[in-house]
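Let's take a walk through this protein together, starting with a hollow in its surface and ending with a look at its cysteines. Keep the 3D view open as you read.

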Amino acid sequence: MTTARELRLDYFRIYDIANVAAEAVVQTKGQFDRIASKGQLQALDLFGVCTMKNKEPLFDPGAHLTWYRLFQKTIETTRSVKIRNQFGDATLAIGKVEALLCPAQKLEHGSEPPRNLDHFKVYRVVEYGKVPEEKVALKDQFFSQNTVVLVPDFFAVPVVKTVGRKQFPIANPRSHLAIYRTPFKAFKTETKARDQFGTWPVQLLRAVALAVPTLKLSWK
């Protein structure tokens, strides 16, 4: 099985947060894009925190992801993607673009920006095979929880991101994220995060998903 350590990418606990208004025009280009696609950020509404799964050590304790709702005019065709991760092999059908994930630093004493963490474009999963329904023990900076990995809702691919004249290249083209729903768990706390778009208040409301390091085997 492909592991997070092999892909040099952590698991991320995905938290629902109090929405923060965001407005920026971005261009993204990944393996699914023949040309760069222009999109509009609409809101910061989720936050990813690097997470230990089943006591596996973190690759980068500073790794966080800001999750922006992304409106993209380009119409995406449905694609079939074969993936592999610690839950096994699966085939997903993915549809429209839903979000942009950006590397972020959680602002606290002694914190550092993430190392070589890519930007990811997030696609909605419209069909999937077997649901993992695997029990996992998760531990991050905020709390620990035993939970169950359920339906794969999203698939995230690394992209080159361009804002204005500044371009952020792909650091690790093999690394992808399959994002699985987990039973919602209320958890309220506040922090701040900084990414390429600014510094943001982050009010965590509940844990909703787990982003799993994933290898894309093939697609069509």
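## The largest pocket

Start by finding the residues that line the largest pocket: Phe 32, Asp 33, Arg 34, Ile 35, Ser 37, Thr 74, Ile 75, Glu 76, Thr 77, Arg 79 and Trp 219. Keep in mind that you're looking at a predicted model. The space inside this pocket comes to about 220 Å³.

What kinds of residues make up the lining? It's a mix: four are nonpolar, three are polar and four are charged.

## The nonpolar cores

Now look inside. In soluble globular proteins, nonpolar side chains tend to be buried together. Here, the largest nonpolar core has 43 residues, and Tyr 15, Ile 94 and Phe 155 are the ones with the most contacts inside it. Strand 1, which covers residues 11-29, supplies the largest share of this core, with seven residues. There's also a second core, separate from that one, with 22 residues, Leu 7, Ala 99, Leu 101 and Leu 117 among them.

Zoom in on Ile 94 and see who its neighbors are. Leaving out residues up to four places away in sequence, Ile 94 touches Phe 32, Thr 77, Thr 78, Arg 79, Val 81, Tyr 123, Arg 124, Val 125, Val 126 and Phe 155. You've met some of these names already: Phe 32, Thr 77 and Arg 79 are also part of the pocket lining.

## A look at Leu 217

Next, head to strand 12, residues 198-219, where you'll find Leu 217. Leu 217 has a relative accessible area of 39%, so it counts as partly exposed. Setting aside residues up to four places away in sequence, it's in touch with Lys 82, Ile 83, Arg 84 and Asp 89.

For a sense of distance, try Phe 71. Its C-alpha atom is 27 Å from that of Leu 217, and the two residues are 146 places apart along the chain.

## Cysteines without a bridge

How many disulfides does a search of the whole structure find? The count is zero. A disulfide is a covalent bond between the sulfur atoms of two cysteines.

Why doesn't Cys 50 form one? The closest cysteine sulfur to its own is the one in Cys 102, and that's 17 Å away, too far for a bond. Looking from the other end, Cys 102 has its closest cysteine sulfur in Cys 50, again 17 Å off and too far.

Are these two cysteines buried or exposed? Cys 50 is buried, because its relative accessible area is 2%, and Cys 102 is buried too, at 0%.

Key:
Residues are numbered from 1 along each chain as its sequence is written. This is a predicted model: local features need pLDDT of at least 70, side-chain atom pairs count only at pLDDT 80 or more; totals for chains, interfaces and linings use all residues. Side-chain values use heavy atoms; hydrogens and water are left out. Helices (H or I, at least four residues) and strands (E, at least two) are DSSP runs, numbered from the N terminus. Buried means under 20% relative accessible area, exposed over 50%, partly exposed in between (1.4 Å probe, protein chains only). Contact means heavy atoms within 4.5 Å. A nonpolar core is a set of buried Ala, Val, Leu, Ile, Met, Phe, Trp, Tyr and Cys residues joined through side-chain atoms within 4.5 Å. A disulfide is a pair of cysteine sulfur atoms within 2.5 Å. On a 1 Å grid over the protein atoms alone, a cavity is a set of points where a 1.4 Å probe fits but cannot get out, and a pocket is an open set with protein on both sides within 12 Å along at least five of seven lines; lining residues have an atom within 4 Å of a point. Grid points are joined across faces, edges and corners, and a volume is the space filled by probe spheres set on the points. Ala, Val, Leu, Ile, Met, Phe, Trp, Tyr, Cys and Pro count as nonpolar, Asp, Glu, Lys and Arg as charged, and the others, Gly among them, as polar.
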